[in-house]
Amino acid sequence: MKAVHFGAGNIGRGFVGLILHNAGYEVVFADVNAELIDALAETPSYQVHEVGAASKSWTVDNYRALNSATHEADVVAEIASADIVTTAVGPNILRFVAPLIARAINERDHALKPLAVMACENAINATDLLKQEIVAGLDDAALASIDSRAVFANTAVDRIVPGQAADAGLDVTVEDFFEWAIESGPFGGDVPDIAEAHFVDDLAPYIERKLFTVNTGHATTAYFGFLEGAATLADAMQSPEVFARVAAVLDETKTLLIAKYDFDPEAQEAYVQKNLTRFANPFLPDTPARVGRQPIRKLGRHERFIGPAAELSERGVVPDALLGAIGAALRFDLPEDAQSVELKELLATSSASDATSRLTGLEASHPLYAHVVRVVERVQKS
Ligand SMILES: NC(=O)c1ccc[n+]([C@@H]2O[C@H](COP(=O)([O-])OP(=O)(O)OC[C@H]3O[C@@H](n4cnc5c(N)ncnc54)[C@H](O)[C@@H]3O)[C@@H](O)[C@H]2O)c1
Ligand SMILES: O=P(O)(O)OC[C@@H](O)[C@@H](O)[C@H](O)[C@H](O)CO
């Protein structure tokens, strides 16, 4: 069995690559980072170190590595004969990897089982997004027979993988928890053989529970932690003020998730508590800079703040804690983060209402809109 995985970064090596390796796949890593790909190509194995209450190390081998910027044709040929193609490159990068997957589907031998295409990004229905881009690159024959050539399944991936120490080489330190949920419907009963993933009929509750608990809480910790000058997420969680902000935000998203998906309130509360512990993991050197990265993406319409806040306000609830976190996100001022710089410029040169519309995509008539405009105004005046 063979899987091609785009993005040999933190989650690529520390989660997707590991799980596929453990499931018996030969993994072909494809990345545009020449130094990283050269190192992987030259090194027969790397270690994944799980840290937390239970610590354990895994060896990943049986992989190859290809530079997808300089060796496009080789990557296309690998995908054309693979069982699975996965991505962990960031939602904004999917459009750059899609053309290679499309070319591979065009070339794919009809006798093979359909290629399983799964984007492993922090975004709702990222595979649908990837599929749209792939379909644009298919020839007429592939388009006419797409169902026999490829299966597109959305997924929810969860494991905190921080940036790695400069001397770590290819080894990756990760938390001890992980979850990979994949929608089963598109496979029509013939799901890929991935023992540590679980296949679910309806992914929406899983991905929303994950994004609006793990990522909403995580980003809230990062943005308030950044304002307090915390070096790590664990340090931020030691601050009673930051902890209270995070707990309040997760209380709001818990209310939404229970109302929307009829989750058992006790189970959801246990999930919240579990995540508060995960953010505070003292063994994980995670930073506000990484977790808060790309604030403009994180303030998007269906993302971790505006997504749940909009739905709560549609239900008549004013999401004060989420609005507070949105204010902290707007104050994320990190010169090395291109979106932080862009955000600062936008706030300096636009009216509060223009900035709100452009950042959040909310209509002026939406019940959340005026609340966000007030938050933007406050940040602009501060
Ligand atoms: N790190 C985590 O804790 C975590 C957990 C769950 C999901 N995710 C998601 O996984 C994705 C990747 O996150 P990460 O933390 O691993 O980031 P990362 O920066 O460590 O890795 C991304 C990799 O993608 C590569 N890349 C960029 N453009 C590419 C292209 N055109 N073709 C091929 N490779 C390309 C980069 O060189 C890099 O190696 C994001 O969507 C993130 O939200 C991350
Ligand atoms: O990857 P992002 O930028 O969408 O979000 C940063 C972190 O919250 C994220 O990477 C988490 O570590 C991960 O989603 C945990 O499963």
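What is the mean pLDDT of the chain, and what share of its residues reach 70 or more? The mean pLDDT is 97, and 100% of the residues reach 70 or more; pLDDT is the predictor's confidence in each residue, from 0 to 100. For the complex, the predictor gives an ipTM of 0.99 and a pTM of 0.95.

This is a predicted model, in which local features need pLDDT of at least 70 and side-chain atom pairs count only at pLDDT 80 or more, while totals for chains, interfaces and linings use all residues. Residues are numbered from 1 along each chain as its sequence is written, and chains are lettered from A and ligands numbered from 1 in the order in which they are written.

**Two domains**

The chain is assigned domain 1 (2-202) and domain 2 (205-381); such bounds come from an automatic or database domain assignment. Taken over C-alpha atoms, the centres of the two domains are separated by 28 Å. Across the boundary, 15 residues of domain 1 are in contact with 17 residues of domain 2, where contact means that two C-beta atoms, placed from the backbone, lie within 7 Å. The side of domain 1 that touches domain 2 has 8 nonpolar, 4 polar and 3 charged residues. In this count Ala, Val, Leu, Ile, Met, Phe, Trp, Tyr, Cys and Pro are nonpolar, Asp, Glu, Lys and Arg are charged, and the others, Gly among them, are polar.

**The nonpolar core**

In soluble globular proteins, nonpolar side chains tend to be buried together. A residue is called buried if 20 or more other C-beta atoms lie within 10 Å of its own, exposed if 12 or fewer do, and partly exposed in between, with C-beta atoms placed from the backbone. A nonpolar core is a set of buried Ala, Val, Leu, Ile, Met, Phe, Trp, Tyr and Cys residues joined through C-beta atoms within 7 Å.

The largest such core has 114 residues, and those with the most contacts inside it are I79, I101, V117, Y223, A325, I326 and A329. Helix α8 (residues 204-227) gives the largest share, 9 residues. Helices (H or I, at least four residues) and strands (E, at least two) are DSSP runs, numbered from the N terminus. Domain 1 and domain 2 both give residues to the core, so it lies between them. Beyond its neighbours within four places in sequence, V117 is in contact with V85, I101, T127, L130, A150, V151 and F152.

**Around the ligands**

A residue counts as near a ligand if its C-beta atom, placed from the backbone, lies within 6 Å of it. Ligand 1 has 26 residues around it, of which G7, G9, I11, E121 and N122 come nearest. Two or more residues of this shell come from each of α1 (10-22), β2 (26-31) and α4 (94-107), and α1 gives the most, with 3 residues. By class, the shell has 15 nonpolar, 8 polar and 3 charged residues.

The residues surrounding ligand 2 are N122, D158, R159, I160, V214, N215, H218, A219, V291, R293 and Q294. They divide into 4 nonpolar, 4 polar and 3 charged. Helix α8 supplies the largest share of this shell, 4 residues, and each of the two domains supplies at least three.

One residue of the ligand 2 shell is D158, which is placed in strand β9 (residues 155-158). D158 counts as buried because it has 23 C-beta neighbours inside 10 Å. Leaving aside neighbours within four places in sequence, D158 is in contact with F178, E179, K210 and V214. D158 and I11 are 147 residues apart in sequence, and 9.3 Å apart in space from C-alpha to C-alpha.

**An enclosed helix**

In helix α14 (residues 306-314), 7 of the 9 residues are buried, so the helix is largely enclosed by the rest of the structure. The buried residues are I306, G307, P308, A309, A310, L312 and S313. Their cover includes α8, α10 (240-261), α15 (320-330) and α17 (352-360). After α14 comes G316, with a positive phi near 85°.

**Exposed residues**

The table lists three exposed residues.

| Residue | Place | Other C-beta atoms within 10 Å |
|---|---|---|
| N62 | loop between β4 (56-60) and β5 (63-67) | 12 atoms |
| D262 | loop between α10 and α11 (265-279) | 9 atoms |
| S382 | segment after α18 (369-381) | 8 atoms |

Phi is positive in N62, near 55°, and in D262, near 60°; neither N62 nor D262 is a glycine. S382 lies 9.5 Å from R331, C-alpha to C-alpha, with their positions 51 residues apart in sequence counted as separation.
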